[in-house]
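Visitor: I would like a close look at one part of this protein, the pairing of charged side chains. Could you take me through it slowly, as I am still new to reading structures?

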Amino acid sequence: MTTNDEVRLSLAAAHRHEWARVLAATVRVAGDIDLAQECAQDAYVSALETWRRDGIPRNPGAWLTTTARRKALDSHRRAAALRARIPLLVEPGSTLGSRGEHVGSLSPETQLTEMDDIPDDRLRLVFTCCHPALAREAQVALTLRLVCGLTTEQIAHAFLVSEPTMAARVTRAKKKISGARIPYRVPVSHELPERLDAVLTAVHLVFTAGHTAPTGDILVRPDLVDRAIELCTVLVDLMPDEREVRGLLALILVTDARRMTRVDEEGHLVLLEDQDRSRWDHPAIERGRVMVLEALRGGRPGRFVIQAAIASLHGEAPSFADTDWAQIVDLYDLLLDSWPSPVVALNRVVAVGFRSGPEAGLQALEQLEAETGPALSTYHYLPATRADFLRRLGRDQAAAAAYRTALALVGNDVERTFLEGRLATLPVP
């Protein structure tokens, strides 16, 4: 008999790596996101007892998917039996979910046969979450919840809002999908443009949540990074002529090329300026660079192409001292024209600090705060950036205060340890 610890470790790994596949495959059968979530969760619960008794299966993801889909089919059979017994309670021509909700006009069997042209069930789920009937923030939040399995707390941290606010958004989005009978499919070609930016935003946030986990005791979540790469690769195959799609894939590849050098052997954070560039994945950087050059042709670049160009400049620089900060600042100016985001503006401030020195960076930061108000008040990178400028200027007391503010906001333990270390080096009581 398998031990409880072995089962729990295997289930934890299966949740990190297989949750999105299990849920997405179950949605195809369930025809309803809430029902699919229930069935997927029930499958994980069933695994606790079954795997302990029978052993951990060779392919845990396949076992969980089969179990979850079977539970969804059983739910439909029970609902069908109920409708047969109480026909007067069902409106003619409608399809009801297990809880009496309208889930769309296609039966699960029809859905399975009409959607096999797209190879990734998770991409269908992303497109469902990013339906234009939903508010943009709800689209992305729902994607992070369903496709990534992030907690509501983690998503709220990424959006810089409270956990109850984010929980309400996710709940409203799921109800809207059910009530509006939004189909689970990749849209046809003429519907793609109105959803593409939301889908790319969602995939980018999947990567961002993996590149630097918003909470927890590890810096990188490889499962989310790999999921973003897989989804974006499928998108490139689906829409090979979309420059922004190729730009996003280039951005992810070039940024992730530094993964192995971002923490040391003890798991401590290593800043870009201190990383061993010989250990970067240079083939990935070159692949991304070529994709950026291709995407830059043919008109004004979009936000993901510009971000990929910035990442490529970092990747191509032979050393931190040789980084072309002037061009990076220019690219951030261009990015702000197409995507006026406070976070982008803060990244530009960092680049200004390296191009023109910490005093110029501090002045730019103060101007940004005056312009954005409380928009970044819960974003720990803002006080951390101020602390770094002040430290470089030798203003230790003020730097220490800024580091303490950042520590009160940071959610990732690796980043917290780094900030604590910086604070400890300052000669202040």
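Guide: This is a predicted model, and a good place to begin is D74, which counts as partly exposed because its relative accessibility is 30%, a value that falls between the limits of 20% for buried and 50% for exposed. The side chain of D74 meets that of R77 in a salt bridge, with 2.9 Å from N to O. R77, for its part, is exposed, since its relative accessible area is 52%, and the cut-off for that word is over 50%. The two residues sit three places apart in helix α3, which covers residues 60-85, so about one helical turn separates D74 from R77.

A similar arrangement can be followed in helix α19, which spans residues 413-425 and contains both D413 and R416, again three residues apart, or about one turn of the helix. Their side chains form a salt bridge with an N to O distance of 2.7 Å. Here D413 is partly exposed, with a relative accessible area of 34%, and R416 is also partly exposed, at 23%.

Not every pair stays within one helix, and E230 with R21 shows this: their side chains meet in a salt bridge of 3.4 Å, N to O. Because E230 belongs to helix α10 (residues 222-238) while R21 belongs to helix α1 (residues 4-30), this pair ties together parts that lie 209 residues apart in sequence. E230 counts as partly exposed, with 32% relative accessibility, and R21 is likewise partly exposed, with a relative accessible area of 38%.

Salt bridges can also join up into a group, as they do where D388, R391, R392 and R422 are linked in a network. Taken over the whole structure, the count comes to 18 salt bridges.

It remains to ask how far the model itself can be trusted. The chain has an average pLDDT of 85, and 90% of the residues score at least 70. Residues 88-118, however, have a pLDDT that stays under 50, although the model does place 50 contacts there that reach beyond four places in sequence. Where pLDDT is low, the predicted coordinates should not be read in detail, and so a careful reader would leave the fine arrangement of such a stretch aside.

Key: Residues numbered from 1 in each chain as written. Predicted model: local features only at pLDDT ≥ 70, side-chain atom pairs only at ≥ 80, totals over all residues. Heavy atoms only, no water. Salt bridge = Lys/Arg side-chain N within 4 Å of Asp/Glu carboxyl O. Helix = DSSP H or I, 4+ residues; strand = E, 2+ residues; numbered from the N terminus. Buried < 20%, exposed > 50% of the residue type's maximum accessible area, 1.4 Å probe, protein only. pLDDT = per-residue confidence, 0-100. Contact = heavy atoms within 4.5 Å.
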